[in-house]
Amino acid sequence: MDMDSGPGDLLNVVDIEATCWDGQPPPGAVSEIIEIGLTVVDLRAGARLARHRVLVRPARSSVSAFCTGLTGLTPAEVATGVPFAEACRLLAAEHGAGVRPWASWGDYDRKQFERQCRATGTPYPFGRRHTNAKIPFTAAHGLRKRPGMAEALRVAGLPLEGRHHSGADDAWNIAALILDLAARDAWPRPEPDPAETSPTGTFPADTSPTGS
């Protein structure tokens with residue numbers, strides 16, 4: 001880490017995978033988070049500091065063959081995961097989710113956490129400072145449409161590292177895109193929020209520009 005870097009320079013980059021189907025969910029099933037990928041970025045040092053992976057055991061759905069083909073996650077692997085409430089507790093307790101700004105590629109990840117927290121009565125683990133990374137990337141590159149992650153890597157001239165639709169690998173790749181934006185001085189740096197000292201359990205609105 002750069003000697004001048006401090007806690008305020010750290011950013012959590014999050015990407016999730018969830019149960020999915022080739023068509024409509026089976027009766028009674030809902031899409032649930034099964035993997036949380038998290039990469040810690042030091043914006044000042046321009047470095048990816050750590051990568052983490054949390055497997056989450058679904059309670060109201062199962063991993064379909066379609067989901068395995070997309071994500072590589074098998075029912076047996078996901079069965080070893082922790083319950084969703086425990087995953088949220090880990091994010092807050094071990095990864096500073098309630099106090100550290102965070103980013104994802106699009107708004108799907110944020111909204112899925114909000115939906116699942118509401119449905120299960122689980123305290124929302126994140127703070128208010130979320131950035132939809134698609135928005136500054138699209139602006140910085142003068143694009144007309146917001147690209148998917150793989151297309152954004154191509155536009156930026158960066159390699160796709162690992163497997164697309166692996167939460168841990170996708171978070172790592174999104175972190176590279178964010179660092180590229182930061183090097184261009186195109187990444188919005190949120191101001192410290194003194195009030196954000198612990199997870200609030202509420203579902204704050206996105207603080208990035210309007211849109212997904």
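Q: Where does Asp-185 lie in this predicted model?
A: Asp-185 sits in the segment after α7.

Q: Why does Asp-185 count as exposed?
A: Its relative accessibility is 72%. Exposed means over 50%, so Asp-185 counts as exposed.

Q: What is the phi of Asp-185?
A: Phi is about 60°, a positive value, although Asp-185 is not a glycine.

Q: Why is His-165 called partly exposed?
A: His-165 lies in the loop between α6 and α7. Its relative accessibility is 28%. Partly exposed runs between 20% and 50%, so His-165 counts as partly exposed. Its phi is near 75°, positive in a residue other than glycine.

Q: What makes α6 and α7 oblique to each other?
A: Helix α6 (residues 149-156) and helix α7 (residues 167-183) pack at about 40°, with axes 10 Å apart. Angles under 35 degrees count as roughly parallel, and 65 to 115 as roughly perpendicular. The angle of about 40° fits neither range, so α6 and α7 are oblique. The crossing is left-handed.

Q: Which residues of α6 and α7 meet?
A: From α6 come Met-149, Ala-152, Leu-153 and Ala-156; from α7, Asp-170, Asn-173, Ile-174, Leu-177 and Asp-180. Six of the contact residues are nonpolar, one is polar and two are charged.

Q: How do you know that Ser-104 is buried?
A: Ser-104 belongs to strand β4 (residues 102-104). Its relative accessibility is 0%. Buried means under 20%, so Ser-104 counts as buried.

Q: What lies 2.8 Å from a polar atom of the Ser-104 side chain?
A: The backbone oxygen of Gly-106. Beyond four places in sequence, Ser-104 also contacts residues including Val-14, Asp-109 and His-130.

How values were computed
Residues are numbered from 1 along each chain as its sequence is written. This is a predicted model: local features need pLDDT of at least 70, side-chain atom pairs count only at pLDDT 80 or more; totals for chains, interfaces and linings use all residues. Side-chain values use heavy atoms; hydrogens and water are left out. Axes are lines fitted to C-alpha atoms, for helices over the stretch in contact, and angles run from 0 to 180 degrees between N-to-C directions. Helices (H or I, at least four residues) and strands (E, at least two) are DSSP runs, numbered from the N terminus. Angles under 35 degrees count as roughly parallel, over 145 as roughly antiparallel, 65 to 115 as roughly perpendicular and the rest as oblique. A crossing is left-handed if the near helix is turned anticlockwise from the far one by less than a right angle, and right-handed if clockwise. Contact means heavy atoms within 4.5 Å. Ala, Val, Leu, Ile, Met, Phe, Trp, Tyr, Cys and Pro count as nonpolar, Asp, Glu, Lys and Arg as charged, and the others, Gly among them, as polar. Buried means under 20% relative accessible area, exposed over 50%, partly exposed in between (1.4 Å probe, protein chains only). A polar contact is a pair of N or O atoms within 3.5 Å; within protein, one must be able to donate a hydrogen and the other to accept it, and residues adjacent in sequence count only if both atoms are side-chain atoms.
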